[in-house]
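Me: Hi! I am new to reading protein structures. Could you walk me through this one, feature by feature?

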Amino acid sequence: MHESGARIAETSLLWIVLLPLLGAAWNGFFGKKIQMRFGERAIAAVGCLTVAASFLLSLRAVLALPPGGAAADRVYLWFGAGDLHVPFSLLLDPLSAVMALVVTGVSALIHLYSIGYMRGDRGFYRYFSFLNLFVFAMLLLVLGDNILLLFVGWEGVGLCSYLLIGFWFADREKAAAGMKAFLVNRIGDLGFLVGILALWWSLAKHGVFSLDFRAMAEGIHLLQGDTILGVPALAFIGIALFVGAAGKSAQIPLYVWLPDAMAGPTPVSALIHAATMVTAGVYMIARMSFLYSLAPQALAVVAVIGAATALFAATIGFAQTDIKKVLAYSTVSQLGTMMLGVGVGAYAAGVFHLMTHAFFKACLFLSAGSVIHALGGEQDLRKMGGLRKKMPVTFLAMLLSTLAIAGIPGFSGFFSKDEILWNAYAGPHGHWALWLAGVLGAGMTAFYMFRLLFLAFFGECRADEVAKRHLHESPRVMTVPLALLAVLSVAGGWVGIPKVLGGGNHFHHYLEPAITAHEAHGSHALEFLLMAVSVLLALSGIALAYHFYIKKPDLPVRLAARARGLHRLVENKYYVDEIYGATAVRGVLVLSRVLRVFDDFVIDGLVNLSGWIGRIVALVSGWFDLVFVDGLVNALANGTIDLGRRARRMQTGAVQTYVLAVFGGILALIALYLGLGGGA
């Protein structure tokens, strides 16, 4: 039974990855003509069905997988060099199973929603092609059986994010946002590549010539005691890999691309923020848990950066007025919470929050997209209000997902966030300061998310009259995915109810065979107390938002006027983009100009000087050759010709002349003889 289940899983793996790729290729190569001839439905059918089929195959493979087991499909030998042989191999274990279901399941709903949202767009075929390609790259990342294949998927999602964020590339600002995401991620990817090379080099020194996850896990203990540049090798590799994770998962200081990624279509934002790109860093650290568990210095870096990101991004969410920007900073904050989880060694808790976050963040973004769709593209919260009566389904979905992200008991976000906070305090790598940062970030999240909800759906509608007349609920093709995601936002966390609340931590135990586990230690009373503090802060945040934006809506304006400097600082995101622009970006520009001057005047000058000298030498050489060498040869040839010409005159052909010459010669000889004889 187990063997047949593993066989079913193995045979499904390649098709799970390939189907979205085939959809991307079909719509990419033939989509334009198909859209012109058969309309958008033909494009949407291919785009949606390939991802839906990939989800069904993933579900079948996961259900067939033996408990705690794994299935691998070695497709072919990718390349070999010396003792290193890297196969193109796919792996389904509990960790990649969770990721495959999240990626394909949430992506399928986002694809369905996109049919309504992107209707009428001239690039409809291109959009679905890119969307399919994004899912393919993410599946390659999570199902790859070695770190090089993971890196291929890693780069693939980076490319797709560039294509989709800058989808409306005719708009210069949107195209620049795509470029920004691409460039910032290249910085992180450089660190990731350094980590991979250091890992390979370190393992090869001990005779481990493999980049396969399982082989590396077996040999990683050999690196204990090794150093790289004076730093413990495991810490060096872990931190280098985390630089890559910080880029993909938008951590300080590489988070700045994510809020600008809102320039793409809203379903793309949902895909990036919930199911694909930003989860890659958290997944990678969980996958490499065998390494991080032996590198406490690297874990400390991950935890501190994660906690700082969670807190920092939450404060920015307070003052944003663009509905998508609020959600973007909430994503950065939630990713910080996930990093805090894996940074304290609670890898299962980090992946658990990744999963629940995928449900409620996709729901939040698609709800925001529904609002923007109804308001004709308006994204400013100050021009919304009172939408709950006109858009009841969207409102309910937004309400449930907001309760989930706020960490209200019973909703999915509560269970996953609470497990992280508990481990941040009582885990073997935890610290009370990390817990405090996490719990404050959670309380702030509750405040600004309910601020968004109250501003958009309660009070009087502040939209213009034209927008008010066209206010309507979104079509069913958009509300059905919303409803399904809302259900998951509520119930998605019930698979991981902790023991202290009567559950069995099933999600945690499911992942145990695939990741290194660390247990938090503490009494039930302490866990209840920490949980109560977290819930109390969340409820306080909601109450404060209600007081500010429902009871006394003029109060935030008055407070902002009193603390104008602070408000402006937060509203402008602490001027981080401006600081980057004035330092890093300007520094790079100045350096590029200096290098250009150096190139123009030094490098080009040396090249031009050498060319000039070469020309002079060639001229002198040519003159010498022409005058002396060629002159001597020509003089010899001309002399010979002249001599021949003169000798030729003697050949007249007249016999009399010849007889006369003979006679003259005889006389000359006689005279010579007589002269010589007379002399003697």
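Reply: Happy to! Helices here are DSSP runs of at least four residues, numbered from the N terminus. With that in hand, you can place Lys573 in the loop between helix H24 (564-571) and helix H25 (576-648). Keep in mind that this is a predicted model.

Me: What is the sign of phi in Lys573?

Reply: As a general idea, most residues other than glycine have a negative phi. Lys573 has a positive one, near 60 degrees. Asn505 also has a positive phi, near 50 degrees. You will find Asn505 in the loop between helix H20 (476-491) and helix H21 (506-511).

Me: Is Asn505 buried or exposed?

Reply: Buried means under 20% relative accessible area. Asn505 has a relative accessibility of 16%, so it counts as buried.

Me: Which residues does a cis peptide bond join?

Reply: Most peptide bonds are trans. Here, a cis bond links Ile252 to Pro253, with omega at about 5 degrees. Pro253 sits in the loop between helix H8 (233-248) and helix H9 (257-260).

Me: How do I check the span of helix H3?

Reply: Multiply 1.5 Å by one less than the number of residues. Helix H3 (residues 94-117) has 24 residues, so it should span 34 Å, and its end C-alpha atoms are indeed 34 Å apart. Of those 24 residues, 22 are buried, which means H3 is largely enclosed by the rest of the structure.

Me: At what angle do helices H2 and H4 pack?

Reply: Angles under 35 degrees count as roughly parallel. Helix H2 (residues 40-64) and helix H4 (residues 124-143) pack at about 10 degrees, and their axes are 9 Å apart. That is why H2 is described as roughly parallel to H4.

Me: Which residues of H2 and H4 meet?

Reply: From H2, they include Glu40, Ile43, Val46 and Val51, while those from H4 include Phe124, Tyr125, Phe128 and Leu139. Sorted by class, this contact has 10 nonpolar, 4 polar and 1 charged residues. A handy idea for looking along a helix: an α-helix has 3.6 residues a turn, so residues three or four places apart point the same way.

Me: How many disulfides does the structure hold?

Reply: A disulfide is a covalent bond between the sulfur atoms of two cysteines. This structure holds 0 of them. Take Cys363: the closest cysteine sulfur, in Cys48, is 18 Å from its own, so the two are too far apart for a bond. Cys363 is also buried, with a relative accessible area of 0%.

Key
Residues numbered from 1 in each chain as written. Predicted model: local features only at pLDDT ≥ 70, side-chain atom pairs only at ≥ 80, totals over all residues. Heavy atoms only, no water. Helix = DSSP H or I, 4+ residues; strand = E, 2+ residues; numbered from the N terminus. Buried < 20%, exposed > 50% of the residue type's maximum accessible area, 1.4 Å probe, protein only. Axes fitted to C-alpha atoms, helices over the stretch in contact; angles between N-to-C directions. Parallel < 35°, antiparallel > 145°, perpendicular 65-115°, else oblique. Contact = heavy atoms within 4.5 Å. Nonpolar A, V, L, I, M, F, W, Y, C, P; charged D, E, K, R; others polar. Disulfide = S-S within 2.5 Å.
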